[in-house]
Amino acid sequence: MYDLEFLSPVSSGPLSTPDGGLSLEDASASTKVLVRAARNTAAGAHLKVTYGRSRHRRDGTLICGSRPGEWTLLADPGRGAELVASLPDEGFVSVVDITHGRAMFRLSGADSIGVLAKVCNIDLADDMTPDGAVFSGSVAKVTCDLVRDDRDAGRSYLISCERSFGGYLFAAMADACAEFGINVPAGLSVH
Amino acid sequence: MSIHRLPIRSGELIDRSTNLSFTWNGRTFSGHEGDTIASALAAAGVEVFSRGMKYHRRRGILTANHWDPNLAVQVGDEPNVRAGSRRLVDGMEVTAQNVWPSLRWDLGTANRLVGRFLSAGFYYKTFMRPQFLWHNLYQRVLRKFAPGGRVHWKTGVHGEYDKRYAHPDVLVAGGGPAGMAAALSAAEAGASVMLVEQEPELGGHLRWGGPGDLAVLADLSRAVHSNPGIEVLCDSIVTGRYDHNWVAVVQRSHPVAPERLIKARVGSLIVAPGLVERPYVFAGNDLPGVMLAGAVRRLVNLWAVKPGSRAVVLSANSEGDAAVADLESAGVEVVAVLDARAGEDVVGARGRGRVSSVQTGDGRTLRADLLVTATGWTAPTSLLNMAGDRPLYDRTAARYFPQSLPDNVLATGGIAGDGSTTELTAHGRETGSLAAQRALRLRHARRTQTPRSLPPESDPPDEIADNRIPLRRSPHPERYRSTTHGLVDFSEDVSSKDLIQAAGEGFDSIELMKRYTTVTMGPGQGKLETVNAAAVLAESRAVEMADIGTTVWRPPFSPVSLGALAGRIFEPVRRSALQGWHEANGATNLLAGQWVRPDHYGSPMTEASNVRENVGIIDVTPLGKLDLRGPDVANLLDLVYVNRWQKLEVGRVRYGAMVAEDGVVSDDGVTGRLADNHYLMTTTSSGAGAVWEMLEDWLQTYRPDWEVHVTPVTGGLTSINVAGPRSRELLGRLVEDLDLSADAFPYFSVRKGIVSGVEDCIIWRIGFTGELSYEVHVPSGHALHVWESLLANGSDLGVAPFGVEAQRVLRLEKGHYIVGQDTDGLSKAPTAGLGGLVKLDKADTIGLPELRAAFERTDLPVLVGLQPDEPTVVPDEACQIVAAEGNEILGRVTSSRMSPTLKRSICLAQVDPSLAPAGTSVTIQLVDGRRVSATVQEHHAHVDPEGVRQRV
C-alpha cells in the first residue's frame with residue numbers, strides 16, 4: 001500500500017484564542033475502533049470500562065464506554081490494525097475500524113464549557129460530567145459522541161460525529177467559539 | 001433640552017457626566033447613560049409617546065417601566081421596543097409607531113368618528129358584506145391600521161441572535177429583595193443559581209425607595225454579584241415554564257447578540273416577579289398626565305424627572321402615600337390627595353392633549369396636569385399558571401394569590417404576600433434554602449442514575465418540610481372602577497363599557513370575554529388588565545370576584561422577538577470526501593436531504609451519453625451503508641427484506657426491497673456477503689437513518705436473542721460508481737490481484753481488494769445505470785486519491801465524472817424505480833412490480849400479512865414504462881393520467897426525462913391496472929392544461945430491457 005495521506009473532512013487548521021486559553025483542533029485522523037461485545041465476553045472484560053466512562057491505557061489508547069456493550073478505542077493515527085488485533089475475539093464480538101467514518105475534534109480551555117453550552121444541551125457541570133465522562137448528544141443538531149478528556153489539568157473535550165458532517169460541525173463549533181475570542185477564518189462559516 | 005430634569009436624586013440611575021444624543025421622530029434630543037428612552041424624552045418635555053390602537057387618542061407615560069402599554073416605539077429597524085425600560089444608547093433613532101402621517105397629526109383619529117362601530121367584537125360583526133370587498137378593500141385598509149412597528153426585512157440590519165443551554169439548580173425569576181435573598185441562600189446552600197431580572201439592574205421596588213431601601217439594595221446586590229455561585233442576568237426575562245421545569249429565558253444583556261434565548265433545565269424555579277401596579281378605570285384614564293404611583297416614583301427617583309407641575313393623587317395604599325412625598329420633594333404642587341381607603345374617588349380627567357382638570361367623586365373640579373392613581377396590584381402569576389396553578393382571589397387583599405404548586409416551583413416576594421423589606425428578604429431566604437435543598441436532592445439522584453457522572457460521595461441532602469412562615473396579606477380596598485367608564489386594556493383600546501356590552505351579549509365567562517373583546521391579549525398579556533377585567537365582569541354579573549375565575553396565562557410571560565425564538569440557526573449539511581473536488585471542478589450542486597451533491601458538471605446529457613459510450617464515474621457516497629456482523633445476519637435480512645437470504649453465498653450480492661408493517665414499500669438496496677458472518681447492506685440515501693433505526697428496533701425488541709451487530713458506515717466508505725462499457729478496462733488498471741473478468745467476477749458479486757494502492761476497498765458489480773459497472777467503496781480518508789487515479793488512468797478511455805442528473809436519466813432509461821419517487825406512501829409491493837421478488841411462503845417478514853393481502857388484490861395501481869406518442873414532449877413529473885373523455889384520474893407520471901440514448905421522452909408512471917397492459921394508450925394532462933397521448937411499454941426499461949449491456 002502506498003503511504004497515503006489521510007484526508008480529513010476538516011480543511012481548517014487549529015484555531016485558538018490569542019492567549020491560547022481556548023482552542024479547537026481537528027483530530028479526525030486519530031485511530032478510532034468500535035468494539036461491540038456482550039459483557040460476559042473476554043473483550044468486554046479486557047476493556048475494563050463501564051458505559052459512560054473512559055480510561056487511558058498505558059499505550060496511549062483512550063478506551064471509551066460509548067454505550068452499553070459498546071466501546072470506542074481512540075489512539076494516535078495509524079494504529080487501527082494493531083488495536084483490532086489486540087482484542088480477544090472469543091464469543092460474539094465485532095470490531096470495526098471506524099477511523100474513516102468519524103470526524104473528531106478536540107475543544108480545550110476553560111471556556112470550552114461555554115462554547116459547548118451554545119450548541120449542546122447536556123449538563124456539563126463538573127459533578128455531572130467530570131473528566132473521563134463519555135456521552136452522546138446533539139451538537140449543533142448533529143448526533144455526536146463526546147468524551148471529557150482533560151489535558152494538563154485543563155478542561156478538554158473530544159467531539160466526534162459521522163464523517164460527512166465533519167466540515168459543517170467544525171464550522172459550527174468555530175462559530176460558537178467566536179464569542180470567546182477565537183477569530184474564525186473567512187470561508188469557515190455556517191451561515 | 002432637559003426642562004424637567006430634577007437636581008441630583010440619591011438613588012438616580014443616570015450618569016450626568018455623559019451625554020447621549022438620539023432622535024425622536026426626526027428631532028434630536030439628548031439624555032444620559034442610565035436613562036430609558038422614555039425618561040430622556042420626558043425630561044425633555046415630551047408628553048405624548050404613542051396613539052391608542054383603535055381610536056388613536058394621544059398616550060403618555062402610564063407605568064414608566066417594561067409593562068407600560070403606551071411606550072412601544074420603533075428603534076431603527078426594531079419594532080415594539082419598550083421605551084419604559086430600554087436604556088438609551090447614543091445615536092438611537094426612535095420613532096412613534098402606528099401613526100400617519102405623524103404622531104402629532106394622526107389621521108387615525110378619524111376612527112373616533114366611527115367609534116360606535118368599533119365596540120366589543122366589532123370585527124365579528126363588520127366587514128362581512130359584500131364579500132368581494134374583503135380582499136379588495138377591507139383587508140388592505142385594516143392592514144394599514146394594524147398596531148405595532150415595522151420590520152424592514154429586506155433592508156434591516158441586525159446582529160445574529162443566539163441561544164445557549166443552562167442547567168442551574170435554582171433559577172430565580174425576579175431580582176427584587178426577595179429574589180436576591182432567595183438566590184443568595186440557595187447559593188450558600190451549595191446550589192448553582194441563575195438570577196433573572198427584567199430591568200437592567202437588580203433591586204425591584206427598592207430602587208426607588210428611601211435611604212433605608214437603597215442601603216438594603218446595595219448590600220444585597222453586592223452580595224449577589226460577588227457570589228460565584230450566582231449567574232446574574234439583568235435586562236432578561238423568564239418567558240415561560242414548561243414540563244419538567246424547562247424554563248425559557250430571553251437575555252438582552254449579552255454583548256455578542258441583540259437577544260439570546262437560554263433554554264434552562266432547572267432543578268427548582270423560584271418565582272419572585274414582585275407585583276404589577278394596576279390602573280384605575282374612570283373616564284379619561286388614558287389621557288397623558290394620568291400616571292400610576294409607581295411611575296411617578298420611578299421617574300422622580302430613578303431618572304430625576306419631574307412628571308408634572310400640579311398633581312392630584314388618588315391613593316389606596318402606601319405606594320400612593322409615598323408618591324405624594326416624592327412629588328413634594330420634586331417640587332410638584334400636590335393639589336389634593338384623595339384617600340381611596342376613606343371612599344374618596346376620581347370620576348374623570350379632562351384636557352386637550354394632557355390632563356388639565358380632574359373631577360373628584362364629591363363633585364369638585366381640580367385644576368391639575370398630573371393625576372396619580374394608586375389603587376392596587378396585580379400578582380403576575382403567569383409562571384405559576386404555567387406550572388399548573390390556578391391562583392385564587394382574596395377580596396381582603398384585593399388580589400390573587402398562588403394556590404398549589406409542584407415541589408419544584410416556589411413563590412416568594414410580593415406575589416406570595418406582603419411584608420416589610422426585612423420580612424420579604426427573610427421569606428426569600430427561606431424559599432431559597434428550600435429550593436436549593438430540593439434541587440440538590442434531585443441533582444444527587446441524577447448523578448446516581450447517570451452513567452457518565454461519578455457516584456456522589458455523600459448521601460443526598462435531607463428532605464426538609466416547607467416550614468416557611470407565610471407572608472401576610474395586608475388589607476386593601478377593592479378599587480377597580482369608578483362610577484364612570486374608562487379604558488381597561490390600554491393596548492387593545494378596550495373599555496369597561498365594551499366589557500359590559502360583551503357580557504350583555506352573552507360572553508360572560510372571563511375566557512369568552514377575553515377572546516371576544518381581546519381584553520388582556522395585547523403585548524402586556526394582561527399584566528395591567530386582568531384584574532380590572534375580572535372586576536368589571538363581576539360587577540356586570542353582580543357576583544363576587546372570586547366567582548369569576550381568571551384567564552389562563554400561557555407563555556410567553558412577555559412578548560418575545562422572533563429573532564430570539566429562532567436563535568442561532570443550525571442547518572447541518574453532509575459532504576462526501578469528494579465534494580471539494582466536485583466544486584473545484586465546476587459541479588453545480590444539488591441539496592438532496594442534508595447531502596450536498598454534484599447535480600452535473602455542465603451537461604447532464606453529455607455525461608449520460610459518455611456513460612453509454614465510454615465510462616463515467618459518479619460519487620454515490622450518500623447511499624446508506626450498514627456493516628452487519630454476526631451469525632444471525634441472514635435471519636435479520638430474511639425478516640426485513642421481502643425476498644430470501646439464507647442461501648446468499650460469500651462473494652455474492654442480492655437486491656432486496658423492504659416494506660413496512662402495512663405492506664408499503666419503504667426502502668430498497670443491495671446487500672453483499674463479505675464473509676461468513678459479515679455483510680454490507682446498502683439503503684437509499686434518504687432512508688439510511690430510518691433503516692438503521694428499524695434494524696436496531698427489531699433486534700432489540702423482537703429478536704434480542706439474535707446475534708447481530710449493526711454499524712453505520714455511510715460516511716466512512718466513499719462510494720464511487722464506475723459505469724460504462726469501458727469500466728472493466730479502467731478499473732482493471734487500478735486493482736491489485738483481482739480478476740475482473742465476467743467469469744471471475746460475475747454480475748451481482750462482491751470482492752474486497754486494493755484499488756490504486758488503497759486497501760480494504762469493497763467492490764461490487766451491480767448496475768443502476770444499466771451498463772457494465774462497478775461500485776467501489778473506498779475508506780473515505782483515501783477516497784480522493786482513488787477518484788483522481790480513476791480520472792488520471794482513464795483519459796484514453798474517455799472517462800469523465802457524471803452527476804446526479806445524468807444518473808437519474810440513465811436509471812430511467814433502464815427502468816429502475818426509486819423508492820419515494822416512483823412509489824409513495826400508499827405503494828404496496830405489487831405496485832412496484834415486486835411480484836417476482838416477494839416470497840409469501842416465508843415464515844416471517846415485516847408486513848407479511850399485508851403483503852399476502854396485497855397480492856390478492858386486483859385494484860392496486862401498477863408501475864409501468866410509458867412513452868409519450870409525441871417524442872419531444874416530456875411531461876412534468878406528477879402530471880396526472882386521466883380518462884380520455886372526462887377528468888377521472890387514472891394515474892400519474894412518477895419520473896420523466898428526455899432520453900439521450902433514444903432521443904425521445906421516456907417515463908415511469910403509476911396507472912390504474914386497467915391501463916397496465918403493454919400497448920395501452922393513456923392520456924396525460926400536462927401542466928399547461930394540454931392533453932397528450934402516451935403508450936404503455938412492455939417493460940419498465942426503455943433501454944436494454946434484456947440486461948445484455950450490464951451482464952457482459
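## Chat on a two-chain model

Q: Which residue in S11(A) does A:Arg106 stand opposite?
A: A:Arg106 stands opposite A:Leu158 in S11(A). Keep in mind that this is a predicted model.

Q: Which strand does S11(A) pair with over seven bridges, and in what sense?
A: With strand S8 of chain A, residues 102-109, in the antiparallel sense.

Q: And how many bridges join S10(A) to S11(A)?
A: Five, and strand S10 (residues 142-148) of chain A also runs antiparallel to S11(A). In S11(A), A:Cys161 is the bridge partner of A:Cys144.

Q: Is S11(A) mostly covered or mostly open?
A: Mostly covered. Strand S11 of chain A spans residues 156-162, and six of its seven residues are buried.

Q: Switching to chain B. How many helices and strands are there?
A: Chain B has 21 helices and 49 strands.

Q: What is its radius of gyration, against that of a compact globule?
A: Chain B has 37 Å, while a compact globule of 952 residues would be near 30 Å. The C-alpha trace of chain B spans about 110 × 75 × 55 Å along its principal axes.

Q: What share of chain B is buried?
A: Buried residues are 52% of the 952. As for contacts in chain B between residues at least 6 apart in sequence, 67% of them join residues at least 24 apart.

Q: Which residues have the most contacts inside the largest nonpolar core?
A: B:Val172 and B:Ala183, in a core of 159 residues. Helix H4 of chain B, residues 177-188, supplies the largest share of this core, eight residues.

Q: What does B:Val172 touch?
A: Leaving out residues up to four places away in sequence, B:Val172 touches B:Gly179, B:Ala182, B:Ala183, B:Val193, B:Leu195, B:Val196, B:Ile270 and B:Ala272.

Q: How many residues are in the second core?
A: That separate core has 92 residues, including B:Val615, B:Ile720, B:Ile763 and B:Ile881.

Q: Now H10(B). Which of its residues are buried?
A: In helix H10 of chain B, residues 496-504, the buried ones are B:Ser496, B:Asp498, B:Leu499, B:Ala502 and B:Ala503.

Q: Why are they on the same side of H10(B)?
A: Because they cover an arc of only 155° around the axis. In general, an α-helix has 3.6 residues a turn, so residues three or four places apart point the same way.

Q: What do the buried residues of H10(B) pack against?
A: Two strands and two helices of chain B: S28 (487-489), S29 (494-495), H11 (510-517) and H12 (530-541).

Q: And what does B:Gly506 do just after H10(B)?
A: B:Gly506 takes a positive phi of about 105° there.

Q: B:Lys497 is in that helix too. Why does it count as partly exposed?
A: B:Lys497, also in helix H10 of chain B, counts as partly exposed because it has 16 C-beta neighbours inside 10 Å; 20 or more would make a residue buried, and 12 or fewer exposed.

Q: What separates the C-alpha atoms of B:Lys497 and B:Leu88?
A: They are 38 Å apart, with the two positions 409 residues apart along the chain.

Q: On to the interface. How many residues does each chain put into the contact?
A: Chain B puts in 40 and chain A 42.

Q: Which element of chain B gives the most to the side touching chain A?
A: S8(B), with three residues. Elements giving two or more include helix H9 (421-449) and helix H19 (783-793) of chain B. That side of chain B divides into 14 nonpolar, 15 polar and 11 charged residues.

Q: Last topic, backbone oddities. Where are the cis peptide bonds at B:Pro101 and B:Pro556?
A: One joins B:Trp100 and B:Pro101, with omega about 5°. B:Pro101 lies in the loop between strand S7 (93-96) and helix H2 (122-125) of chain B. Another joins B:Pro555 and B:Pro556, with omega about 0°, and B:Pro556 sits in the loop between H12 and helix H13 (562-566) of chain B.

Q: What phi does B:His244 have?
A: A positive one of about 60°, although B:His244 is not a glycine. Most residues other than glycine have a negative phi. B:His244 lies in the loop between strands S12 (236-242) and S13 (246-251) of chain B.

Q: Is B:His244 buried or exposed?
A: Exposed, because B:His244 has 8 C-beta neighbours inside 10 Å.

Key:
Residues are numbered from 1 along each chain as its sequence is written. Chains are lettered from A and ligands numbered from 1 in the order in which they are written. This is a predicted model: local features need pLDDT of at least 70, side-chain atom pairs count only at pLDDT 80 or more; totals for chains, interfaces and linings use all residues. Helices (H or I, at least four residues) and strands (E, at least two) are DSSP runs, numbered from the N terminus. The radius of gyration is taken over C-alpha atoms; the globule rule is 2.2 Å times the number of residues to the power 0.38. Two residues are in contact if their C-beta atoms, placed from the backbone, lie within 7 Å. The arc is that of the directions from the helix axis to the C-beta atoms. A nonpolar core is a set of buried Ala, Val, Leu, Ile, Met, Phe, Trp, Tyr and Cys residues joined through C-beta atoms within 7 Å. Ala, Val, Leu, Ile, Met, Phe, Trp, Tyr, Cys and Pro count as nonpolar, Asp, Glu, Lys and Arg as charged, and the others, Gly among them, as polar. Two strands pair if DSSP finds at least two bridges between them.
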